[in-house]
Amino acid sequence: MALPPAATITIPETLAMLDGPKRELADGVANDRYVFWLGSGISRERMPDLETLAKRILISLHGRIDQTDPKCRFREALDQVVRNAGPSPDEWNKIDYSISPDQWPIFEALAGRLVNNYARMLGVAVDGEEADYLLWDVLNAAAVYSDPTIAPDAEHLCLAALAMEGVASEMPSANWDSLVERALDILAGGKPIQRVAIAPDDTRAGRRRTNLYKFHGCAKSALEDPARFRSLLVARQNQINGWIANNQVMANALINLVVTKPTLMLGLSAQDSNIQSLFASAQVQMPWHFPTRPPAYAFAENTLGGDQESLLQNVYHQEFNAGSRSAIKADALVQAFAKPLLLALLLFVLTEKLTRLVREGLPTIDDVDRAKLAEGLGHGRNLVAVKVTASAEDVMSLITMMGRTMTMLREGALPTAATGLYSPVTAEPVELMTANPNLAGGGIAEFAVGLSLVGLGLDRGLWTAERANTAVPDSGSFGLVGRSGAAKIFFAGDQRAAIRLITNGLLADNDDAVVVHSQSNPATMPRSPRRPPGRTGLAPVREVSVEELLAEGTEVEDLLERFRNKVAL
């Protein structure tokens, strides 16, 4: 069977969708308009899925049965779990409690059906045990979903980077795992970027750049403090049905998000009744009408499932009719799963920020030339997209490369685990960048121009790019290969950063390297070679000042030619 389009879409194809029919969604994300609603789909390749949980319960309950006792409490519990899968009379005849369920010919079918009845399955009580016995004892869910050895996947890393860029400020999550938090710890180095709200009083804590609402509980917190957090692990049908009544503070916080910001659902089927009720309650308070720009609801799926369509019916009511139904569904469907969509959104946001920097940080550049510089940034983005996949390894490598570039630009140093591996272009969404007082003097606008010129040179065939080996400290941001040689590329936002590239051992006199200074070139410092010489006949380290180039003229074709002469490739 062929994979669905949402599973096979490439990063360039996803970006083309964001540049084209889903541009309003992409612009909305870049301006922190969307609430990111997170479901189990974003952790599918890291944590056990519902089908795996169903299989474990079937096998574990069976293993506890006293085969000599026809009324064994575990036999009765297993019987109830099986009934939730709705076996036919013929299938019942194929179930033999004397052998392990994984030997039953209908084992896979039963487990698959229990996925859509997971809350009823986990709500099965075992005589003499607590109500959450299946979740807490049989599945050991608190330990499994908080396993500190499990690394974040591509989705979590992209969400963390988007959060640091200030464009994912609200993230309600139905997941018990802590992979988003772990990703932010890796990228931000423990800086106070995120607020995590699990219990009602957590919502009183001061807001941060990103706010994660774990409305179905948190495995790590439950394991560490079961007295406070164990009961907040939501899994059973009665918990889901009574969730709004029993969690009014969190429910009101989430309803406020639904009312005030559009919704982007990632890996969330929306099958749970409490989620449906949240959106229905929000609609009563202040509905979104169709069409809304950007779209009020977006689902990263191959097709809209019944629960997602039901949600659209709940929120649009009479507007979801024969004349508009198809248009509403097409507007809401983003035919890419979370992995490629989040990576494409990250690339989109970064490029939009750099483009805005060229516009706002250097207002004297003419519109025609500014458009050409934007083309250079877009071309560079698209080349990156061709060479990267949405795997955790590629995403981590890309984020590490971006973090290296921004940290060298600002500090003349490499990021560390203690300081965090990622440094955002800016900490605010695109439309708020003009209020950032550091744009004019921090060298970042000139950095954006430098990247634009590199991108234009790539587009014109003046050079090709090579990914830097991030395991090698002195490998620069990336490499460029031209007709007359190759060079490592460094960016320095000010003279302090330029000097520290040398004192930190990232750059030596005899390196084949180009340093792109945002400001004027610093005075030459006494230096000595620390590495074997590279090519001869040309001073290996070339320095080019974007500020000085712009002072000589901002016509882009001439600017590119002068930049090319300085780079000497």
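The paragraphs below go through helix packing, pockets, cavities and some backbone details of this predicted model.

Two packed helices are described by the angle between their axes and the distance between the axes. Helix H21, residues 338-361, packs against helix H24, residues 444-459, at an angle of about 120°, and their axes are 8 Å apart. An angle of 65 to 115 degrees would count as roughly perpendicular, so H21 is classed as oblique to H24. H21 passes H24 in a left-handed crossing. On the H21 side, the contact is made by Leu-354, Leu-357, Val-358 and Gly-361. H24 contributes Ile-444, Ala-445, Phe-447, Ala-448, Val-449, Leu-451 and Ser-452. By class, the residues of this contact are nine nonpolar, two polar and no charged.

H24 also packs against helix H22, residues 367-387. The axes of H22 and H24 come within 7 Å and cross at roughly 70°, which makes H22 roughly perpendicular to H24. The crossing of H22 and H24 is left-handed. Lys-372, Leu-373, Gly-376, Leu-377, His-379 and Leu-383 are the H22 residues in the contact. They meet Ala-448, Leu-451, Ser-452, Leu-453, Gly-455, Leu-456, Leu-458 and Asp-459 of H24. The contact of H22 with H24 has eight nonpolar, four polar and two charged residues. Ala-448, Leu-451 and Ser-452 of H24 take part in the contact with H21 and also in the contact with H22.

The helices H21, H22 and H24 appear again in the second largest pocket, where each supplies at least two residues of the lining. Helix H23 (392-411), strand E8 (463-467) and strand E9 (478-482) do so as well. The largest share, seven residues, comes from H22. This pocket holds about 730 Å³ of space and is lined by 31 residues. Nearest its centre lie Gly-380, Val-384, Met-401, Leu-451 and Phe-478. Leu-451 is thus named both here and among the H24 residues that meet H22. The lining divides into 19 nonpolar, seven polar and five charged residues.

The largest pocket has about 1,200 Å³ of space. It is lined by 49 residues, and those closest to its centre are Ser-40, Gly-41, Arg-44, Gly-267 and Leu-268. Helix H1 (5-8), helix H4 (50-64), H19 and H21 each supply at least two residues of the lining. By class, the lining has 23 nonpolar, 16 polar and 10 charged residues.

Enclosed space is a separate matter. The structure holds two cavities of 30 Å³ or more, and the second largest cavity has a volume of about 40 Å³. Its lining consists of Ile-42, Ser-173, Asn-175, Asp-177, Leu-179, Val-180, Glu-181, Leu-212 and Lys-214. Helix H12 (179-188) and strand E4 (210-214) each supply at least two of these residues, and the largest share, three residues, comes from H12. The lining divides into four nonpolar, two polar and three charged residues.

Some backbone details lie in loops. The peptide bond from Phe-290 to Pro-291 is cis, with omega near -5°, and the bond from Arg-293 to Pro-294 is cis, with omega near 0°. Pro-291 lies in the loop between helix H18 (273-285) and strand E6 (297-300), and Pro-294 is also placed in the loop between H18 and E6. In the loop between helix H19 (306-316) and helix H20 (325-332) is His-317. Phi of His-317 is near 45°, a positive value in a residue other than glycine.

Methods. Residues numbered from 1 in each chain as written. Predicted model: local features only at pLDDT ≥ 70, side-chain atom pairs only at ≥ 80, totals over all residues. Heavy atoms only, no water. Axes fitted to C-alpha atoms, helices over the stretch in contact; angles between N-to-C directions. Helix = DSSP H or I, 4+ residues; strand = E, 2+ residues; numbered from the N terminus. Parallel < 35°, antiparallel > 145°, perpendicular 65-115°, else oblique. Left-handed = near helix turned anticlockwise from the far one by under 90°. Contact = heavy atoms within 4.5 Å. Nonpolar A, V, L, I, M, F, W, Y, C, P; charged D, E, K, R; others polar. 1 Å grid on protein atoms, 1.4 Å probe; cavity = no way out; pocket = protein on both sides within 12 Å on 5 of 7 lines; lining within 4 Å. Points joined across faces, edges and corners; volume = space filled by probe spheres on them.
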